[in-house]
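Biologist: Please take a close look at the enclosed spaces in this model and describe what lines them. Add whatever is needed to place the lining within the fold.

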Amino acid sequence: MITVENLSKRYGNTTVVDGVSLTVERNSITAIVGTSGSGKSTLLRMINRLVEPSSGRVLIDGRDTRDEPAYLLRRHIGYVIQGNGLFPHRTVAENIATVPRLLGWEARRIEARVAELLEVFALDPASYAHALPHQLSGGQQQRVGVARALAAEPMVLLMDEPFGALDPIIRAKAQDDLLDIQRRFGMTVVLVTHDMDEAFRLGTQVAVMSGGRLLQYDRPAVLLTQPADPFVARMTGLADRAMRLLSLVTAGEAALPGTCDGPAVPPTATLREVLSELLWRGADSARVVDAEGRVRGQLTVGAILARGRP
Ligand code: ADP
């Protein structure tokens, strides 16, 4: 768990982060959103002390982050930035091994961890372990950046616009991978993004910043249905809010008893995707069918529309 207490950062007379307090539960993802210059990156970087706070404090699992030197603290906190920040003259395996080496892990343990991460990130060791970053695609480089951040099994992962340089299709895949990996390793993730769809897709909780202040910190559905003020309502997208609400619920969760003749959709599809499919096919109901071919229920347009209202 990360506890941020009344955290501020001032440069001269300018306050760029202003008295922010929030708690990030273990094994969850917090997405920080806000306009450019609102203090998102500064807030994130104060968690691993890449930026030293002017006042306030940060606790990780109850321990003040100032209890150890910043360079040691950072070995236990994964950090991923846009454009991945890989060492260009080190191989993929060497990049991933960076922090375990600093921590003095035995060679065999490092080798095993690198092999595990290459597998998790679908990078065939024979082709990629000894490749240099520039020999990889943008999406692969980004995966290596995340693998490197996770190498020493940190409980906390900080990500600053991690998918900002990826094209939309690879970006969606990278987001799905992050959700999978977060569940698999049970990490606590704090992620900065300016992409509201990304924040809603990934965030267990979303923090909305403006002018260095935290305006609201809530679950996505609460931000949409009970925005703290007009700025939050605008940020979360007045025009898209019904669709965003639908994207927070899966077909499996919303399925009603019974079946129908409509198109089959998987339980993992969001209601937004199901509605789109129904519009496209001119149908008014869908069958929710799982991977084993079992019908899990049905969804009518009316039932979906009802979930898009506060
Ligand atoms: P965001 O991530 O929301 O775009 P940042 O946290 O990067 O915002 O920056 C917040 C504000 O702090 C900006 O106005 C930026 O210019 C200012 N700032 C960031 N770092 C420094 C610094 N080292 N010195 C002075 N001002 C800074």
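Modeller: A cavity here is a set of grid points where a 1.4 Å probe fits but cannot get out, and its volume is the space filled by probe spheres set on those points. The model is predicted. By that criterion it holds four cavities of 30 Å³ or more.

The second largest cavity has a volume of about 40 Å³. Its lining consists of L7, M46, R49, P53, G56, R57, V58, D64, T65 and R66. Strand 4, residues 55–60, makes the biggest contribution, with three residues; G56, R57 and V58 fall in that range. By class, this lining has four nonpolar, two polar and four charged residues.

The largest cavity comes to about 70 Å³. Around it are F121, Q142, R143, V146, M159, F163, A174, D177, L178 and I181. Seven of its lining residues are nonpolar, one is polar and two are charged. Helix 7 (138–150) and helix 8 (168–185) each supply at least two of them. Helix 8 provides the largest share, four residues, and A174, D177, L178 and I181 lie within its span.

The packing of these two helices gives the setting of that cavity. Helix 7 and helix 8 meet at an angle of about 20 degrees, their axes 11 Å apart. Helix 7 therefore counts as roughly parallel to helix 8, since the limit for that term is an angle under 35 degrees. Their crossing is right-handed. On the helix 7 side the contact involves G139, Q142, R143 and L150, which meet I170, A174, D177, I181 and F185 of helix 8. These contact residues divide into five nonpolar, two polar and two charged. Q142, R143, A174, D177 and I181 belong both to this contact and to the lining of the largest cavity.

Helix 8 also borders an open space. The largest pocket has a volume of about 830 Å³ and a lining of 32 residues, with L179, F200, R201, S247 and T270 nearest its centre. Two or more residues each come from helix 8, helix 9 (196–202), helix 12 (241–247) and helix 14 (271–281). Helix 8 again gives the most, here nine residues. The pocket lining divides into 10 nonpolar, 10 polar and 12 charged residues.

In short, helix 8 is the main contributor to the lining of the largest cavity and to that of the largest pocket, while strand 4 has that role in the second largest cavity.

Key
Residues are numbered from 1 along each chain as its sequence is written. This is a predicted model: local features need pLDDT of at least 70, side-chain atom pairs count only at pLDDT 80 or more; totals for chains, interfaces and linings use all residues. Side-chain values use heavy atoms; hydrogens and water are left out. On a 1 Å grid over the protein atoms alone, a cavity is a set of points where a 1.4 Å probe fits but cannot get out, and a pocket is an open set with protein on both sides within 12 Å along at least five of seven lines; lining residues have an atom within 4 Å of a point. Ala, Val, Leu, Ile, Met, Phe, Trp, Tyr, Cys and Pro count as nonpolar, Asp, Glu, Lys and Arg as charged, and the others, Gly among them, as polar. Axes are lines fitted to C-alpha atoms, for helices over the stretch in contact, and angles run from 0 to 180 degrees between N-to-C directions. Angles under 35 degrees count as roughly parallel, over 145 as roughly antiparallel, 65 to 115 as roughly perpendicular and the rest as oblique. A crossing is left-handed if the near helix is turned anticlockwise from the far one by less than a right angle, and right-handed if clockwise. Contact means heavy atoms within 4.5 Å.
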